[in-house]
Amino acid sequence: MIAAVRDLDQPTPSKRVKSGSKSQKTAYLYMTPALITIAVLGIAPILYTVFIAFTDYNQMHFLNYHFVGFKNFVALFNPSNPLSAVFIPTLVWTLTYALVTTGSAYLIGLLLAVLLNNPNLREAVIYRTILIIPWAVPGMITMLVWQGLLNDSYGQINALLHTVGIPNIPWQTSAFWARVSVIMVNVWAGFPYMMTVCLGALQAIPSDIYEAASIDGANWWQKFRLITVREIWAITLPLVIPSFAFNFNNFGGVYLLTGGGPARSDNPFVGQTDILASAAYKMTLDFNRYDLASAISIVLFVIVGVISWLNMRYTGVFKEVDS
Amino acid sequence: MSKKTAAMLGVMPRPVIHKALSSGERTVLWISRIVLIVFVLIVLIPMWFVLEASVNPLNSYVTFSFWPDHASLVNYIQVFKDGQWLIWVKNTVIVAMSIGLIQVFITALSAFAFSKMRFWGRKYGLMTLIILQMFPNFLAIAAYYSALSKFNLIDTMGGYILVMIGGSAFNIWLLKGYFDSVPKELEEAAIIDGANSWYRFTRILLPLAKPMLVVIFLFTIVGTFSDYIMAGMVFETPSQYTLAVGMYGLISGQFGQNWGLFSAEALMSAVPLALIFGLGQKFIASGLVAGAVKG
């Protein structure tokens with residue numbers, strides 16, 4: 001298949017030589033709209049942010065800002081600097097949140113997909129239609145609605161728990177429960193996507209592999225572990241990685257739900273559930289610390305970029321582009 | 001192995017057993033049902049609560065109930081009386097449709113180039129762009145804001161659409177995978193007849209890629225509905241607001257006062273989109289995997 005695509009580009013060797021540079025120009029022509037918008041709306045702001053990260057551009061130095069080298073980065077990572085006391089825990093929480101959310105959503109999605117793929121389950125389409133709903137609802141509405149549902153004193157979730165004898169859970173005032181709620185709600189919103197992807201992957205596995213395995217005497221568990229999981233993993237991993245990156249930067253999933261709160265007693269910049277993205281956003285809009293916000297953004301970018309790059313190389317998503 | 005295979009095929013009267021479920025299969029089936037129903041409840045209960053709040057005229061949620069005592073549509077009537085929500089819907093539909101169409105156009109053009117043409121930068125170009133776009137663009141909000149105000153685009157739909165139409169490398173990658181999977185025979189005939197790339201693109205590949213184009217269009221529309229950071233930055237007057245900005249203001253204000261109204265608006269905003277999504281679900285499942293399988 002891959003070879004076929006390659007062949008298509010050059011129907012005959014002679015034709016290729018003739019139109020070599022012309023087809024290259026045509027290719028760039030097709031890409032012009034994307035390249036221009038990506039350059040102006042994507043890359044230029046990044047470069048600007050990188051620039052700010054090495055300056056002292058903030059409230060105090062609005063017009064006369066200077067180049068300060070790595071000062072902002074040192075402030076974030078130096079253990080003796082008070083800022084790092086906030087930055088490091090926020091970084092740890094961001095990683096925890098993204099890993100747990102993506103992992104749980106994936107496992108739940110996989111479990112449900114396997115259950116739904118049972119041919120004896122006649123009514124599977126009904127479950128699937130209902131289970132897909134959280135993905136279909138725009139994320140912004142999901143988060144704002146959950147903010148209301150999880151309200152400590154008026155929220156309907158606590159009212160429901162009260163009727164079954166569970167005392168009020170301080171979703172908004174306790175750091176622990178606020179974090180639990182952030183993960184819970186984001187898994188709630190995220191598992192249908194994983195389920196859909198896994199279902200598609202399950203249906204893409206050719207059934208003769210299973211038949212061959214049955215003939216060789218493989219039992220149910222062996223078939224699941226050696227065929228289903230392996231095949232699904234190969235197909236879905238390239239989609240799991242962007243999902244991790246999405247959660248890592250999922251500003252809305254935190255900010256629209258908890259506003260980053262509850263507040264930390266030792267620091268006004270960052271709340272207990274703030275992830276790096278929302279921390280940087282607050283530093284920009286609420287505190288006008290563009291310098292620190294940009295430095296955090298760059299750390300964020302490096303982490304996500306490295307993880308994604310390693311994973312993409314590892315999964316070989318882009319292998320067919322090599323030639 | 002062929003000996004063993006033949007022997008097993010001979011021994012197993014498979015088609016006969018197939019109809020009636022074995023007791024093991026039946027157990028698996030019922031455990032599956034229970035697990036699925038638990039998750040169905042987890043999905044539905046919060047939504048039911050929103051429905052309950054939207055028809056609860058009293059705005060009192062201290063005592064728990066699955067259905068209010070004096071259910072009425074008073075919240076819905078109020079939403080339409082105010083009329084503001086309808087303006088937000090109109091604004092959102094206009095910007096989301098525009099952004100969706102432009103995105104599909106931009107994506108299709110470059111996905112075609114990446115899939116069917118050779119050029120310098122093809123090898124690592126897309127991968128580099130995907131990694132670059134993991135940088136969330138709202139972190140550069142200061143840059144966007146100053147540029148928009150320089151061109152007097154703050155508080156205009158044009159300014160917002162401009163900010164949101166940046167090409168998405170991920171979409172390009174998805175569609176490229178789809179184009180890659182189109183059998184070469186379909187194009188070969190056209191190439192032999194001397195058709196140029198534009199003909200191949202518009203007459204052969206685009207019609208085949210319709211499901212994937214729909215997926216990208218839907219993703220973009222839902223993304224625009226959900227975006228409130230950029231919209232909040234651009235729009236300043238309530239008559240220009242998109243749904244996200246307007247509704248955020250509603251819930252972050254007085255919670256108790258607005259929860260019923262908010263629920264009504266949330267339902268009316270989410271249901272149409274959820275329905276479109278549900279209808280396109282078949283497209284989405286096949287489309288996403290078609291992009292990935294190629295890897």
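These are questions and answers about a predicted model and the terms used to describe it.

Visitor: How do you know that helix 6 of chain B and helix 9 of chain B are oblique to each other?
Guide: Helix 6 (residues 122-132) of chain B and helix 9 (residues 169-180) of chain B pack at an angle of about 140°. Angles over 145 count as roughly antiparallel and 65 to 115 as roughly perpendicular, with oblique for the rest. The two helices are therefore oblique to each other. Their axes are 8 Å apart.

Visitor: Which residues of helix 6 of chain B and helix 9 of chain B meet?
Guide: From helix 6 of chain B come B:Leu126, B:Leu129 and B:Ile130. They meet B:Ala169, B:Phe170, B:Ile172 and B:Trp173 of helix 9 of chain B. By class, this contact has seven nonpolar residues, with no polar and no charged ones.

Visitor: Why is helix 8 of chain A called largely enclosed by the rest of the structure?
Guide: A residue is buried if 20 or more other C-beta atoms lie within 10 Å of its own. In helix 8 (residues 139-149) of chain A, eleven of the eleven residues are buried, so this helix is largely enclosed by the rest of the structure. Among the buried residues are A:Met140, A:Ile141, A:Leu144 and A:Trp146, and also A:Thr142 and A:Gln147.

Visitor: What share of the residues of chain B count as buried?
Guide: For chain B, the figure is 42% of 295 residues. Chain B has 16 helices and zero strands.

Visitor: What makes residues of chain A and chain B part of the contact, and how many does each chain give?
Guide: Two residues are in contact if their C-beta atoms, placed from the backbone, lie within 7 Å. The contact takes 88 residues from chain A and 87 residues from chain B. On the side of chain B, helix 3 (residues 23-54) gives the most, with twelve residues. That side of chain B divides into 63 nonpolar, 15 polar and nine charged residues.

Visitor: Where are the domains of chain B, and how many residues of each are in contact?
Guide: The domain assignment gives domain 1 (2-54) and domain 2 (76-293). Four residues of domain 1 of chain B are in contact with six residues of domain 2 of chain B. The domain 1 side of this contact has three nonpolar residues, one polar and no charged.

Visitor: Where in chain A is the pLDDT below 50?
Guide: The mean pLDDT of chain A is 82, and 89% of its residues reach 70 or more. Over residues 1-19 of chain A, however, the pLDDT is below 50. Beyond near neighbours in sequence, this stretch has 15 contacts in the model.

Notes
Residues are numbered from 1 along each chain as its sequence is written. Chains are lettered from A and ligands numbered from 1 in the order in which they are written. This is a predicted model: local features need pLDDT of at least 70, side-chain atom pairs count only at pLDDT 80 or more; totals for chains, interfaces and linings use all residues. Helices (H or I, at least four residues) and strands (E, at least two) are DSSP runs, numbered from the N terminus. Ala, Val, Leu, Ile, Met, Phe, Trp, Tyr, Cys and Pro count as nonpolar, Asp, Glu, Lys and Arg as charged, and the others, Gly among them, as polar. A residue is buried if 20 or more other C-beta atoms lie within 10 Å of its own, exposed if 12 or fewer, and partly exposed in between; C-beta atoms are placed from the backbone. Domain bounds come from an automatic or database domain assignment. pLDDT is the predictor's confidence in each residue, from 0 to 100. Axes are lines fitted to C-alpha atoms, for helices over the stretch in contact, and angles run from 0 to 180 degrees between N-to-C directions. Angles under 35 degrees count as roughly parallel, over 145 as roughly antiparallel, 65 to 115 as roughly perpendicular and the rest as oblique.
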